[in-house]
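Hello,

Here is the structure we talked about handing over. Please load it first, then read the notes below it.

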Amino acid sequence: MKNILVTGGAGFIGSNFIRYLFGPGGFKGRVVNLDKLTYAGNPENLLDVARAQKGRYAFVKGDICDFKLLAKLFKKYKFDGVAHFAAESHVDRSIFGPKDFIETNIHGTFALLETARQAWGGRKDARFHHISTDEVYGSLGRTGKFKETTPYDPRSPYSASKASSDHLVMAYHHTYGLPVTISNCSNNYGPFHFPEKLIPLVILNALAGKPLPVYGDGLQVRDWLYVEDHCAAIWRVMKRGRPGETYNVGGNCEMKNIDVVKGICAALEKYAPAAANPALAGKAYAGLITYVKDRPGHDRRYAIDFSKIRRELGWRPSVTFKEGLERTVKWYLANGGWVLHVQSGAYRKWLRKNYNR
Ligand code: NAD
Ligand code: TYD
């Protein structure tokens with residue numbers, strides 16, 4: 001691949017992926033980042049890349065649902081690779097308002113597939129990679145893990161929209177021979193994570209002395225993966241994954257939510273002790289933990305069997321949860337300016353309206 005279209009590259013995982021491509025990924029070609037800049041998109045996430053990769057990195061503000069724009073970009077840049085991240089990505093938001101999820105995640109994916117099909121004709125040497133989630137498989141009981149063969153059983157408007165887009169991607173492979181791959185990954189964490197998701201929300205609330213909201217009994221389980229490990233997996237699938245195949249990606253790191261929150265408090269006590277933080281007024285960070293009303297339809301447990309990508313492509317996670325969490329906490333402590341910017345504007349208004357927070 002020489003010319004890659006990254007959609008949603010101004011978001012959390014997409015921006016980490018673009019940085020990975022130009023760094024450890026060793027990519028020598030050009031990246032075009034198409035992003036609508038919703039509340040979750042922030043071009044500031046890639047300022048360093050934009051400066052260092054002049055001529056090899058371009059940003060285009062636009063919507064993946066815009067057929068005309070997509071056709072123009074495919075013609076101009078002659079893409080031979082697509083890494084499709086753009087999505088509405090937060091389960092809680094999908095419960096409050098599913099419309100944008102249907103538009104971007106389903107219609108947007110359709111627009112991209114159709115444009116790639118028209119631009120590529122019967123070409124087999126290109127690659128359309130869809131970044132998806134383990135949430136399409138539904139919720140697990142106490143045992144078992146999601147395999148690529150696990151039947152889809154999405155439970156939230158978010159996961160239903162991602163399941164729908166996965167099906168469209170595979171349909172384009174089976175019907176038109178489009179060279180596609182899909183990766184279904186577990187929960188990511190790391191730098192540039194938008195502070196509506198559990199880990200960054202808890203870090204920033206704790207530093208501000210605000211309650212740390214734990215939904216329900218806090219015993220739900222997620223399988224956490226450091227974002228750079230996810231980026232490495234995506235790049236491996238794009239380069240060497242078999243067209244028409246799905247690859248599950250996970251961290252081998254099942255954690256109960258309450259233990260994640262306690263782990264964050266411990267990491268904060270190490271790098272920014274509560275005793276020296278005036279917002280805590282003498283409390284420990286863990287003293288802020290507050291059980292709140294559960295999320296409707298809250299999936300109980302996710303866990304990923306990633307033996308296929310390990311066996312076929314030699315990928316495995318490399319960062320332990322303790323190491324990844326400490327890196328993440330240090331990143332948020334060092335990037336107060338970024339935090340201020342993403343917490344202003346649309347995000348704050350949404351929080352006030354929906355959560356009264
Ligand atoms: P994010 O919300 O941080 O970023 C999404 C990006 O897409 C933003 O930059 C936003 O501006 C952009 N976008 C939204 N609608 C758009 C549109 N119509 N046109 C163009 N751009 C648009 O999300 P993320 O956490 O980085 O997730 C990226 C992808 O990875 C998503 O497809 C998500 O489903 C998938 N995924 C996420 C996780 C996770 O833990 N975060 C896990 C597995 C899979
Ligand atoms: P989240 O980061 O929203 O990711 P997802 O819903 O895609 O798994 O949530 C991770 C887990 O943390 C999930 O079980 C819901 C829970 N959670 C809380 O307990 N409190 C919170 O404030 C948030 C945002 C999530």
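A crossing counts as right-handed if the near helix is turned clockwise from the far one by less than a right angle, and as left-handed if anticlockwise. By that rule, helix 7 passes helix 9 in a right-handed crossing. Bear in mind that this is a predicted model.

More on that helix pair. Helix 7 covers residues 198–207 and helix 9 covers residues 257–271. They pack at an angle of about 45°, and their axes are 10 Å apart. Angles between 35 and 65 degrees fall in the oblique class, so helix 7 is oblique to helix 9. Helix 7 brings L198, I199, V202, I203, A206 and L207 to the contact. Helix 9 answers with N257, V260, V261, I264 and L268. By class, that contact has 10 nonpolar residues, one polar and no charged.

Now the sheet. Seven strands make up an open sheet, with parallel pairing. Their order is 3-2-1-4-5-6-11. Strand 3 (57–61) and strand 11 (245–249) are the edges, each pairing on one side only. From one strand to the next, the twist averages 20°.

At the strand 11 edge, five bridges join that strand to strand 6 (residues 180–185), and the two run parallel. There, I182 stands opposite T246.

Two helices to check against the sheet:

- Helix 3 (residues 67–77) touches strand 1, strand 2, strand 3 and strand 4. Its direction makes about 170° with that of strand 2.
- Helix 8 (residues 227–240) lies across strand 1, strand 4, strand 5, strand 6 and strand 11. It runs at about 145° to strand 5.

Best regards

How values were computed: Residues are numbered from 1 along each chain as its sequence is written. Chains are lettered from A and ligands numbered from 1 in the order in which they are written. This is a predicted model: local features need pLDDT of at least 70, side-chain atom pairs count only at pLDDT 80 or more; totals for chains, interfaces and linings use all residues. Side-chain values use heavy atoms; hydrogens and water are left out. Two strands pair if DSSP finds at least two bridges between them. Helices (H or I, at least four residues) and strands (E, at least two) are DSSP runs, numbered from the N terminus. Axes are lines fitted to C-alpha atoms, for helices over the stretch in contact, and angles run from 0 to 180 degrees between N-to-C directions. Contact means heavy atoms within 4.5 Å. Angles under 35 degrees count as roughly parallel, over 145 as roughly antiparallel, 65 to 115 as roughly perpendicular and the rest as oblique. Ala, Val, Leu, Ile, Met, Phe, Trp, Tyr, Cys and Pro count as nonpolar, Asp, Glu, Lys and Arg as charged, and the others, Gly among them, as polar.
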